[in-house]
Amino acid sequence: MSLVTRLQIAGCGMHLADQIALVGVPLTAALAFDASPEIIGILVACQSLAHLLGSIPAGLIVDRGAPHRVARAAVLISLFGFGGTAASVVSGTLIGFGACVTAAGFGIVLFVLTVLSMMPRSVPPTGLAQANARIEMPRAAASFAVPLVLGAVISVATVDWVFPAAIAGGVVALAAVAGLPRYEAGPPSAGSPLRKVVEGGAFVRSNDLLMAIAGCALFWNFAFSALLVTMVPLITDVFRMEAGVFGIAMAAFGLAAFAGSSLAARYAGRIRPSLILLFGPGSSVPAVLLLLSVSPGGSPLPIYAGFFLLGFGPSMWMIAQNSVRQLVSPRAVLGRVNAVIQTTIYGARPLGALCGGFLISATSPETAVAFVALAYGLSFAGAAFSRLRSIRSYGDLATAEAG
């Protein structure tokens, strides 16, 4: 079994478990613990904090450790977290539930960063984009399928089975990573962990391609979080539609992400990277503007089309920018580079959500949508006015960086 196939199977298990947790935490908190909205919000924040606070430490571990060992450790951490979460549901321990959910999230973060750092060691530059697309497909498929399945099953069954299902996903991942090839650990480096983190951030700041990627990701995730906060009041109060329209829109988003990843897996090597790097953030602007064309009581099809476009182009962009990151970052700092950009992404999301909520309260959902479109426009500008627009092929980029 090839490395990419093993990582794809492991990704299926890990992302299945992660999506189950993402959807299952608020449902379980409400149905099993009878938690208040405030407590549910804290539990959901615990999941986000794992990504926000765990990325930098995980990047340090990835740069220093042997990737096959770190991947196994990541899966075991998640398994421990999901096991503790299931036990907390049975025992009715809410604090333990939140702590174990956070622990499982740390394992997911460590796994994702390890995979990103492992790929350039075994895949040639010209094949990186297609390999990254194959690795991304399980995440996209899980984001589409899990909410639909959980919503359907929980309507007729209890939530007791939710986290055992996540454990099953972790077991599949553990079986896959157990056979990973052995890699050497990263070279030892002097200095404190803080100094090493600063070195990773300094490398991102000194590389114009990485800075452009970070800027695109910051504005895009800021906008997306603001949009998610805006959508339910926009659908119910302005468009006069059922709130369930939002669920269908998110399913369209997940389906589009899977379609974009599948297309990249087949044709990424034949498409000029600059086109994808421009299309991803650029397509998000008209996608949001479609929402402004919806009339009250009219058809929800423009909403579904807009969310499909939001999932399709950016999913391909994510694969392309992962490949660029891997090619321009030296192996010794790749984990920290990925961690810095991941922290930027997860730091932008709560800010976007807060701004979206404030704008709705202070003005209107329509104003919030216009603000989201502006933020997406800034994301596109980050690509359009940078060297990202001139990348002709991954092979040429690897040669240029080596020179």
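These legends go through a predicted model, one close-up at a time.

Residues are numbered from 1 along each chain as its sequence is written. Local features need pLDDT of at least 70, side-chain atom pairs count only at pLDDT 80 or more, totals for chains, interfaces and linings use all residues, and side-chain values use heavy atoms, with hydrogens and water left out.

**Figure 1. The whole chain is built from 14 helices and 0 strands.** Helices (H or I, at least four residues) and strands (E, at least two) are DSSP runs, numbered from the N terminus. From the N terminus on, the elements run α-α-α-α-α-α-α-α-α-α-α-α-α-α. The radius of gyration of the protein chain is 21 Å, close to the 22 Å that the globule rule gives for 403 residues, so the chain is as compact as a globular protein of that length. That radius is taken over C-alpha atoms, and the globule rule is 2.2 Å times the number of residues to the power 0.38. The C-alpha trace spans about 60 × 50 × 40 Å along its principal axes.

**Figure 2. Burial, contacts and surface of the protein chain.** Of the 403 residues, 53% count as buried. Buried means under 20% relative accessible area, exposed means over 50%, and partly exposed lies in between (1.4 Å probe, protein chains only). Take the contacts between residues at least 6 apart in sequence: 87% of them join residues at least 24 apart. A contact here means heavy atoms within 4.5 Å. The accessible surface comes to about 16,500 Å². Carbon and sulfur atoms hold 69% of that surface. Accessible areas come from the Shrake-Rupley method with a 1.4 Å probe; for residues, only the protein chains shown count as cover.

**Figure 3. A nonpolar surface patch is made by Leu49, Leu53, Ile77 and Phe106.** The patch covers about 330 Å². Patches are made of residues with over 30% relative accessible area and no salt bridge; like charges are joined within 9 Å, and nonpolar side chains (Val, Leu, Ile, Met, Phe, Trp, Tyr) within 5 Å. Find Leu53 in helix α2 (residues 37–64). Leu53 counts as exposed because its relative accessibility is 54%.

**Figure 4. Asp63 and Arg336 form a salt bridge.** Side chains of opposite charge can pair when their charged atoms come close. A salt bridge is a side-chain nitrogen of Lys or Arg within 4 Å of a carboxyl oxygen of Asp or Glu. The closest N and O atoms of Asp63 and Arg336 are 2.7 Å apart. This pair links distant parts of the chain: Asp63 sits in helix α2 and Arg336 in helix α12 (residues 334–362), 273 residues apart. Both residues are buried. The structure holds 5 salt bridges.

**Figure 5. Glu199 and Arg195 form a salt bridge within helix α7 (residues 193–206).** Their closest N and O atoms are 3.7 Å apart. The two residues are 4 apart in the helix, so about one helical turn separates them. Glu199 is partly exposed, with a relative accessible area of 33%. Now put this view beside Figure 4. Asp63, Arg195, Glu199 and Arg336 are linked in a network of salt bridges.

**Figure 6. Arg139 and Glu136 meet in a salt bridge in helix α5 (residues 128–154).** The N to O distance is 3.0 Å. The residues are 3 apart in the helix, so they are separated by about one helical turn. Arg139 counts as partly exposed, at 28% relative accessibility. Glu136 counts as buried, at 9%.

**Figure 7. Phe224 and Phe253 form a stacked aromatic pair.** Rings of Phe, Tyr and Trp (its six-membered ring) pair if their centres lie within 6.5 Å; planes under 30 degrees apart count as stacked, over 60 as edge-to-face and the rest as tilted. By this rule the count comes to 9 aromatic pairs. In this one, the centres are 5.1 Å apart and the planes stand at 25°. Phe224 lies in helix α8 (residues 208–238) and Phe253 in helix α9 (residues 244–267), 29 residues apart. Phe224 is buried at 11% relative accessible area, and Phe253 is buried at 16%. Trp220, Phe224, Phe253 and Tyr376 form one aromatic cluster.

**Figure 8. Phe246 and Phe307 form an edge-to-face pair.** Their ring centres are 6.5 Å apart and their planes stand at 85°. Phe246 lies in helix α9 and Phe307 in helix α11 (residues 301–328), 61 residues apart. Phe246 is buried, with a relative accessible area of 18%. Phe307 counts as buried, at 0%.
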